[in-house]
Every structure is written in C-alpha cells, then in structure tokens.
Amino acid sequence: MATLEVKDLHVAVTDDETKKQKEILTGVNLEMHSGEIHAIMGPNGTGKSTLSQTIMGQPGYEVTQGDILLDGTSILDMPVDERARRGLFLAMQYPAEIQGVTNAEFLRAAINARRAKDDQISVMDFIKKLDKNLKLLDMSESMTERYLNEGFSGGEKKRNEILQLLMIEPTFAILDEIDSGLDIDALKVVAKGVNSMRGDNFGSLIITHYQRLLNYIVPDTVHVMMGGRIVKTGGPDLAKQLEKEGYAGLRDELGLDIKLVDDEN
Amino acid sequence: MDKTAAKEQLTAAATAHGEPAALVARRQAAFDHFAASRMPKMARFNFSDWDLFAKQPALTFTESTATPDLPEIKEEAIRLVQVGQTTVDVHLPKTWADQGVKLMDLFAALDQFPDLVADQLMAIVKPDENKLTAYHLAYLNSGVFLYVPKGVQVDQPVEVDLVQDSTVADREFNAHLLIVTEPGSSVSVLQHTTTLGTAANRASLMVEIDARRGSHVNFSSLDELGDQTLTYFKRRANIGRDAKVEWAVGLMNGGDTVGDMDSELTGEGGEGDSKLIAVTTGDQHVGINNRVTHHGQHTTGNINQRGVLLGKSHLVFNGIGEIIHGAHDANAEQQNRVLMMSPDCRGDANPILLIDENDVIAGHAASVGPVNPVQMNYLMSRGIPRPVAEHMVIRGFLSSVIAAIPAKRVREELIAILERKLTDGNL
Ligand SMILES: Nc1ncnc2c1ncn2[C@@H]1O[C@H](COP(=O)(O)OP(=O)(O)OP(=O)(O)O)[C@@H](O)[C@H]1O
Ligand SMILES: [Mg+2]
C-alpha cells in the first residue's frame, strides 16, 4: 500500500507584475492511500489547483512551510519528472500541444520512462494495451497517430489525459476538473476510465465543482477546501450536502472568517 | 595568386582531360571572372574571410582509390555513386534506360550527349554571378547528369551518393549535379553527400534543376560532410510553367557551411516548396539563403526552414520571398525558425520579402528561442526525463521537413544523425 501525505503545507506564489509574494495554501493536511479515491471540493480561487500543481512539482509554486511525502519520503526536492516516475500523475486542465510528436510515441516514452533500460515495453504489448484502452475510452485509433493534443478539441484533450492515465498506470492520479467542458457521454466515458483503474494499487485525488462527477466516480472521502486549507472531511454525503447548501452555509456552520469570491461586499 | 600561371594550368588540365574546346573556353572566361570579382555577401552572415578556394587554385582530376561502405542495392534501384572524381557505381535498370532516362557521370554525358548537356551546364546558375559561381565552373572536377525525357514518370527514387575523398589533403571537391526534366515527367532524387577521411578540404557543390513545363521534381538531400570540410553550396531550380519542385534538405554537415537555395518560378502556375533543416554544433558557422523568386503569374512559393543550435554554434536563416513586377496572383509563404539549445549559441531567422506587385499573397513567420517550456514541462510531468523530452520536442520541431523526405530509409538515417548530434552536443 502506497501513501501520499500532505503535512501543514503552505504555498506562496509570486505575482508576475508586482513581484509580491502571496500565500495561497495556509496549512493543508491530507493523507491518502492507494486503493482510495478522495475528492476535493471548494470555492473558486481557494487553492485546489495550487495544491495539485504543488504535489506534482510544477514550477512557480513555492513551499514555505510543511512537507509532501510519498511513502514516507519527502518529494519536495524532486523535479516533476522524477515525481512522475515515482507514481504521481496530474491530469492537466490545459494540456500542451506538441507538433511533430505523435500521441503514440509520447505514450511509449512515458511508459518506458518508468521502466528499466533493459525492460522497455515491447511493440506488441504496447499496441495491445493501447487498443484495449482506446476501446474503453471510446477513442478512435487515429487519435494515437495524430500529433500530441494538436488540434484536439477540449473534450478530446481530456479524454487523452485519461488515456495517458490508463497507459501509464500511476499510483496516485490527481484529476483537476477533469469534468469541466465535457458533454454527458464524455463524462461517463472518463468516469469509466478512472473506475477501471480502481484497485489496491491505485489512488486518486479528484477535484471537482460538481457532485455529478461523484455519482459516476464514487469517492471514499470528500474534503472541503476553503481559504487555502481543508476545513472539513467526510464521506460522499458531504458532497451532496454542499450541493444543497453551498459553501457559505458550511462556512457559517464552521464559523470561519473566509471571503468567498461571489460574496457581496 | 599568379593569374597567368593559374590560367595556363587550368587550360592545360582541362585540355588534358579531353574536354571540348567550348568548355575549355567557358572555363577560361569563368576564371577571368573569378580572378576579377569579389566574394558574394549574405545578409547577417559574414564569410568574406573563408578559404573557399586555394591561394593558387589548380584544376585537378584524381582517381580515388578509397572505397565507401555502400548499402546493398536492390535490382530495381536507381543509383549513382561518386567518390571524389571517380564514378564508382552506376545502376540504372534497363526499363528506365530504354525510356531514355540518363543517369551518368557529367563529363561522360558531355562527351556522349553534348546537345543535352553542353548548353545546359551552368545555364541556370550563371558562372558570372559571383566569384564563387565563377570558381565553380572554372575548377569543376566532378559531376552527375540526370535526364528524364518527356512524360516519363520515374517511380523509383534516384539515389545520388557523392562522397568527398578527404583521405588525403589538398583534394578539391567541386561537384555539380545537373538535372533536366522534360515536360510532363516526374522524378524524385535523393542526394547524399558525405566525406571519407578527416583531412581538411573544401567543397563547392552545386545542383541545377531545369524543371520544364508540367514536370515534377522532388529533391531531397542529406548533407553529412565532415567536420573538416568547408562547404559552399548552391542549389537552384528553374521551375517552368505548371512545374513543381520540392526541396527537402537535411543539412547535417560537421563543418562551416554557406549555401543558397533558389527556386526560380519562371513559368505561369509553377510551384516551389523549399524545406530545409540544419543542426549546428560546436563552434560551427552556417549561413543559408533560401530564396523563392516569383516571375510568373499564379505561382506558389513556400519556404520552411528550421534549425537547432547547440554549443557555441552560429546559424543564420534568411528566407527571401521575391515577387517580380507582373507576377500577378503569386503566393509567397515562408517561415524560418531556430531553437537555441545553449546559452552560447547565436541564431538568426530573418524573413525578407521583396514584393513588386499588388494582387499577391505573402506571409511570413519567424521565431528564435529556446524549447517551449510549457511543452517540456508537459512531457516531463509524465515522467519523461529532460534530455529525452528535449530530443522529442526537437524531433517534433523538425518533423515537418523530415516528413517531406519521400524515402523512409533516408528519414531514419537523418533522425539517427540528428540523435547523434544532440547526444554529442550533450543534450
Ligand atoms: N501563478 C500565480 N500567480 C498569481 N496568483 C496565482 C497563481 N497561481 C494561483 N494564483 C492565485 O491563487 C489563488 C488560488 O488559485 P487556484 O487556481 O489554486 O484556485 P482553485 O481552487 O483551483 O480555483 P478554481 O476552482 O477556480 O479552479 C487564486 O487567487 C489565484 O489567482
Ligand atoms: Mg482550479
């Protein structure tokens, strides 16, 4: 069983123009194990994406306090590629387009990056695995010979992120708003993909604004984030409660002094 | 230079070579021009002090004994191999020979088919254009002639392997590939230039293509001359009415190189597509003019140049789209892009549009900079280590040109050279 721990995490970003540091995460605590699906919900601008980017090790996020541990080892000093090879995966909100690199070539390189030099995936095994996952995600084979994300529609890009997830088989996958911009059929397909990964060796952290996704991918744990930290943790019912009452209700219930984006002045 | 002695040597050597009096006379005229004129200039690239000819030049023909490693050849393949001044292999299947296709040593062609060759040689690139073109004709010592008769569609690629013999020093490599395609014919040519040996020598390489009415030439070149070779090249196509010439050049030379690519759209409706990639390493200097000139109406020109710079190298791409007055409805597109892979390299992508007509379309794009960090980050976030990701992004960046080479074997060879250069350049 693998463990991902976020301990008292404080993260700051520097504004490009003013050069001022701004603290976004104000002490996040989170522990998850493989075999579990966690969901994070929270109002706009509260730091959910900041948390996912920081776990993955994307540039631009400065950890000012706290730690992130994978199986007990701090990963803060590891570059993004090493974190990925250790089993972390972040489905991107805006995947990059790369001309001249085919999707298939990219997938193979990503798989092989996690394997030993003398144990690279064979062409046959790769194609078999690819075919299986394409079918599962209802994707056309031609998508794999196209250049990586180039000219893909928004929904196709998201589907392609899930294809990568299925091909790379990470230990922990962070899915940041994977449901945004998806039509209902695509949403089901994406959920099917994630669910197919469920098992003892896979854990996922799902960030969403909509309870609907959680009907398809039922989480074990739901966290609510506000003001840069997790303020409440519960079961799937917590998501349903939020859907009904909104964040203001929960804030007031918890007696928090946090300003929400759409509060009146 | 002792001009009198040089001219006497030239005359004696050409005569001893058994050349027709007319050619000897053209060489002499070219020599006079060479001796009297100055080096040509290139925008943003200075090569005026390059030793592109000897202090006391001499016309020499030397039999090469060096033998290159040649890949096995298939029965149906069309191939000519030259090592230095020696044609070591000509393979032209009978079906093509019977249809009048000619692939042969240039001097043999001058001898056997003077009507086809004599007036055509350096009719498109004129010897009196500049010092280097004059030098080329005066001291031309090897060449290949390819002729495709009217209406003949050559569906096998014609492979031309030019091997510079640098097993010894002081060997001039002044080689000329002359291609004539008659109306309605088509052919694709794969040129491969390499160097055998490590002596420091120069090369003056030219390609002339006369693509006559409605003919179609696909010309790719994999240039892989040695680190010690100083190269000047000029490749020019005269593109006739409704004719089309597509260039795909993989410039992988190890030494300093200056070159011109020229597509002259002389006929109405002609099309020129000029793609070139270059990878520069170490302290190499490479400057390229890639020009498409629209003379005819309804002509289409496209330039796509892509370069990758490593180490302390210096690479200049000038893209020149020229529309001459009267070339109505011409379409001139170009892009010139360079990727700078080290802080010490110097790159320049310079679009030049010279337009003297109103109802035309012209567009250009240029970029100079490092690999896109967003792309790099995306690949790395999937576990791909930085060097592998860099290779992938670079290959992708070059892919539009690599994909234009019609032979898979050559594409793979080019990618292998590219990978080797990137690895040697510590990427
Ligand atoms: N690079 C950055 N520079 C400046 N501010 C940033 C940067 N990254 C994030 N922020 C700010 O940090 C706050 C949290 O942003 P984040 O994207 O993490 O929120 P979120 O919870 O994912 O919101 P949403 O639900 O809208 O996606 C926002 O106020 C945002 O503007
Ligand atoms: Mg977000």
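## Packing and ionic contacts in a two-chain predicted model

A:Glu82 lies in helix 2 of chain A. The model under discussion is predicted. At 27% relative accessibility, A:Glu82 is classed as partly exposed. Its C-alpha atom is 9.4 Å from that of A:Arg114, although 32 residues separate A:Glu82 and A:Arg114 in sequence.

**Helix 3 of chain A**

Helix 2 of chain A (80–85) is among the elements against which the buried residues of helix 3 of chain A pack. Helix 3 spans residues 103–113 of chain A, and nine of its 11 residues are buried, so the rest of the structure largely encloses this helix. The buried positions are A:Asn103, A:Ala104, A:Phe106, A:Leu107, A:Ala109, A:Ala110, A:Ile111, A:Asn112 and A:Ala113. Within chain A, these residues also pack against helix 4 (123–136), helix 5 (142–145) and helix 6. From chain B, helix 7 (373–380) and helix 8 contribute to the same packing.

**Nonpolar cores**

In soluble globular proteins, nonpolar side chains tend to be buried together. Here the largest nonpolar core has 104 residues, and the residues with the most contacts inside it come from chain A (A:Leu51, A:Ile55 and A:Ile162) and from chain B (B:Val308, B:Leu379, B:Ile394 and B:Leu398). Helix 8 of chain B (residues 386–402) supplies the largest share of this core, namely eight residues.

Which residues are in contact with B:Ile394, leaving aside its neighbours within four places in sequence? The set consists of B:Val308, B:Leu339, B:Met341, B:Val371, B:Leu418, B:Leu422 and B:Leu427. A second core, separate from the one just described, has 49 residues and includes B:Phe173, B:Val217, B:Trp247 and B:Leu251.

**The six-stranded sheet of chain A**

Chain A contains an open sheet of six strands in the order 6-7-8-3-9-10, with mixed pairing. Strand 6 (88–91) and strand 10 (229–234) form its edges, each pairing on one side only. On average, neighbouring strands of the sheet are turned by 20 degrees against each other, direction ignored. Strand 3 (residues 37–41) and strand 9 (residues 221–226) of chain A pair in the parallel sense over four bridges. A:His38 has A:Thr221 of strand 9 as its bridge partner.

Two helices of chain A are described here as packing on this sheet. Helix 1 (residues 48–56) touches strand 3, strand 6, strand 7 (172–176), strand 8 (203–207) and strand 9, and its direction makes about 145 degrees with that of strand 6. Helix 6 (residues 154–168) touches strand 6 and strand 7, and the corresponding angle with strand 6 is about 165 degrees.

**Salt bridges**

The count over all chains comes to 33 salt bridges. Three of these pairs are listed below with their N to O distances.

| Basic residue | Acidic residue | N to O distance |
|---|---|---|
| A:Lys7 | A:Glu5 | 3.8 Å |
| A:Lys232 | A:Glu253 | 3.4 Å |
| B:Lys244 | B:Glu271 | 3.7 Å |

In the pair from A:Lys7 to A:Glu5, the lysine is partly exposed, with a relative accessible area of 39%. A:Glu5 has a relative accessible area of 17% and is therefore buried, the cut-off for that class being under 20%.

The bridge between A:Lys232 and A:Glu253 links distant parts of the chain, 21 residues apart: A:Lys232 belongs to strand 10 of chain A and A:Glu253 to helix 9 (residues 236–254) of chain A. A:Lys232 is partly exposed at 24% relative accessible area, and A:Glu253 is partly exposed at 46%.

In chain B, B:Glu271 lies in strand 13 (residues 271–280) and B:Lys244 in strand 11 (residues 244–251), so their salt bridge ties together parts that are 27 residues apart in sequence. B:Glu271 is partly exposed, with 30% relative accessibility, and B:Lys244 is partly exposed, with 24%. Elsewhere, salt bridges with shared partners join A:Glu105, B:Arg395 and B:Glu419 into one network.

**A helix pair in chain B**

Two packed helices are described by the angle between their axes and the distance between the axes. For helix 2 (residues 21–36) and helix 6 (residues 131–139) of chain B, the axes come within 8 Å and cross at roughly 150 degrees. The crossing of helix 2 of chain B past helix 6 of chain B is left-handed. On the side of helix 2, the residues that meet helix 6 are B:Leu23, B:Arg26, B:Arg27, B:Ala30, B:Phe31, B:His33, B:Phe34 and B:Ala35. Helix 6 contributes B:Lys131, B:Ala134, B:Tyr135, B:Leu137, B:Ala138 and B:Tyr139.

Terms used: Residues are numbered from 1 along each chain as its sequence is written. Chains are lettered from A and ligands numbered from 1 in the order in which they are written. This is a predicted model: local features need pLDDT of at least 70, side-chain atom pairs count only at pLDDT 80 or more; totals for chains, interfaces and linings use all residues. Side-chain values use heavy atoms; hydrogens and water are left out. A nonpolar core is a set of buried Ala, Val, Leu, Ile, Met, Phe, Trp, Tyr and Cys residues joined through side-chain atoms within 4.5 Å. Buried means under 20% relative accessible area, exposed over 50%, partly exposed in between (1.4 Å probe, protein chains only). Contact means heavy atoms within 4.5 Å. Two strands pair if DSSP finds at least two bridges between them. Axes are lines fitted to C-alpha atoms, for helices over the stretch in contact, and angles run from 0 to 180 degrees between N-to-C directions. A salt bridge is a side-chain nitrogen of Lys or Arg within 4 Å of a carboxyl oxygen of Asp or Glu. A crossing is left-handed if the near helix is turned anticlockwise from the far one by less than a right angle, and right-handed if clockwise.
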